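Please open the model in your viewer and display it as a cartoon. The tour below proceeds by selection, one stop after another.

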Amino acid sequence: LSRIYGFVLPVVPEPVYIVIAAAGVSYWIISRTGYGVVMRAFGNRPSALTQVGRSRLRARMGLYSLAGICVVLGGLAVTAVSNGSDANASATYTLSSIAAAVIGGAEFSGGIASPTGAVLGGLALAFMSSLLSFLNVSTNYQSAVLGLCLIAVFGLRRALKRGGGDS
């Protein structure tokens, strides 16, 4: 596993290629397959699944299984990069992953998500983390700043919805 993550590719670091490939596969699954329709319907309006004869329980089980697979792959990636394991090594990743999805355009209530937006949100968060490190902001405060950015995104979305007449 460490050999895979230690492989050197030209121009751009390997994790960037992995993220682009994962976003492409996720986009294809969500946008181009029947299972993607079920995932979006379950997130947006679960009662619609029942109306078309699909089982909400099967959809929920499938989504949790897919989320579990993604968590395992992410855990393997973190272990490969850090060359070891620690139960507390990924404590700040929960906020970062949710913030990346929400900044990328996902709705917190579900149903609206974009793999491309999540990747762009992740890149924005990585840029903000690098900027905060460059400005010598303590790592203890970086999570707080990311949380404040997430609150600002929520506030901006709410203001835009109210301003557009959608409440």
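The stops that follow begin with the whole chain and then turn to particular helices and residues.

**The whole chain**

Begin with everything selected, and keep in mind that this is a predicted model. The protein contains 8 helices and 0 strands. Followed along the sequence, its pattern reads α-α-α-α-α-α-α-α. Colour the chain by accessibility next: of the 167 residues, 16% are buried. Consider also the contacts between residues at least 6 apart in sequence: 46% of these join residues at least 24 apart.

**Helix α2**

Select residues 14-32, which form helix α2. This helix has 19 residues, and the distance from its first C-alpha to its last is 27 Å, close to the 27 Å expected at 1.5 Å a residue. Which residues of α2 should be shown as buried? Display Glu 14, Ala 23 and Ile 30, for these are buried in α2.

**From α2 to α3**

Two packed helices are described by the angle between their axes and the distance between the axes. Add residues 34-44, helix α3, to the selection. The axes of α2 and α3 are 5 Å apart, and the two helices pack at an angle of about 80°. An angle from 65 to 115 degrees counts as roughly perpendicular, and α2 and α3 are therefore roughly perpendicular to each other. Now show the side chains at the contact: Ile 29, Ile 30, Ser 31 and Arg 32 of α2 meet Gly 34, Gly 36, Val 37, Met 39 and Arg 40 of α3. Sorted by class, the contact of α2 with α3 has 4 nonpolar, 3 polar and 2 charged residues. Ile 30 deserves a second look, as it is buried and also takes part in this contact.

**From α3 to α5**

Keep α3 and select residues 56-82, helix α5. The axes of α3 and α5 come within 10 Å and cross at roughly 105°. This angle makes α3 roughly perpendicular to α5. On the α3 side, the contact is made by Tyr 35, Val 38, Met 39 and Phe 42. On the α5 side, select Arg 56, Ala 59, Arg 60, Gly 62, Leu 63 and Leu 66. The classes in the contact of α3 with α5 are 7 nonpolar, 1 polar and 2 charged residues. Met 39 of α3 appears in the contact with α2 and again in the contact with α5.

**From α7 to α8**

Move on to helix α7, residues 115-134, and helix α8, residues 139-163. How are the axes of α7 and α8 arranged? They lie 11 Å apart, and the helices pack at an angle of about 135°. That angle makes α7 oblique to α8. The crossing of α7 past α8 is right-handed. Show Leu 125, Met 128, Ser 129, Leu 132 and Ser 133 of α7 together with Gln 142, Val 145, Leu 146 and Cys 149 of α8, since these residues make the contact. They divide into 6 nonpolar, 3 polar and no charged residues.

**Three single residues**

Centre the view on Ala 124, which lies in helix α7. Its relative accessible area is 30%, so Ala 124 is partly exposed. Measure from its C-alpha to that of Gly 104: the two residues are 20 apart in sequence and 8.8 Å apart in space.

Next, select Asn 136 in the loop between α7 and α8. Is Asn 136 buried or exposed? With 71% relative accessibility, Asn 136 counts as exposed. Its phi is near 60°, a positive value in a residue other than glycine.

Finish at Ser 143 in helix α8. Ser 143 is partly exposed, with a relative accessible area of 24%. Draw a distance from Ser 143 to Ser 129: these residues are 14 apart along the chain, and their C-alpha atoms are separated by 9.0 Å. Ser 129 belongs to the α7 side of the contact with α8.

Technical notes. Residues are numbered from 1 along each chain as its sequence is written. This is a predicted model: local features need pLDDT of at least 70, side-chain atom pairs count only at pLDDT 80 or more; totals for chains, interfaces and linings use all residues. Side-chain values use heavy atoms; hydrogens and water are left out. Helices (H or I, at least four residues) and strands (E, at least two) are DSSP runs, numbered from the N terminus. Buried means under 20% relative accessible area, exposed over 50%, partly exposed in between (1.4 Å probe, protein chains only). The expected span of a helix is 1.5 Å times one less than its number of residues. Axes are lines fitted to C-alpha atoms, for helices over the stretch in contact, and angles run from 0 to 180 degrees between N-to-C directions. Angles under 35 degrees count as roughly parallel, over 145 as roughly antiparallel, 65 to 115 as roughly perpendicular and the rest as oblique. A crossing is left-handed if the near helix is turned anticlockwise from the far one by less than a right angle, and right-handed if clockwise. Contact means heavy atoms within 4.5 Å. Ala, Val, Leu, Ile, Met, Phe, Trp, Tyr, Cys and Pro count as nonpolar, Asp, Glu, Lys and Arg as charged, and the others, Gly among them, as polar.
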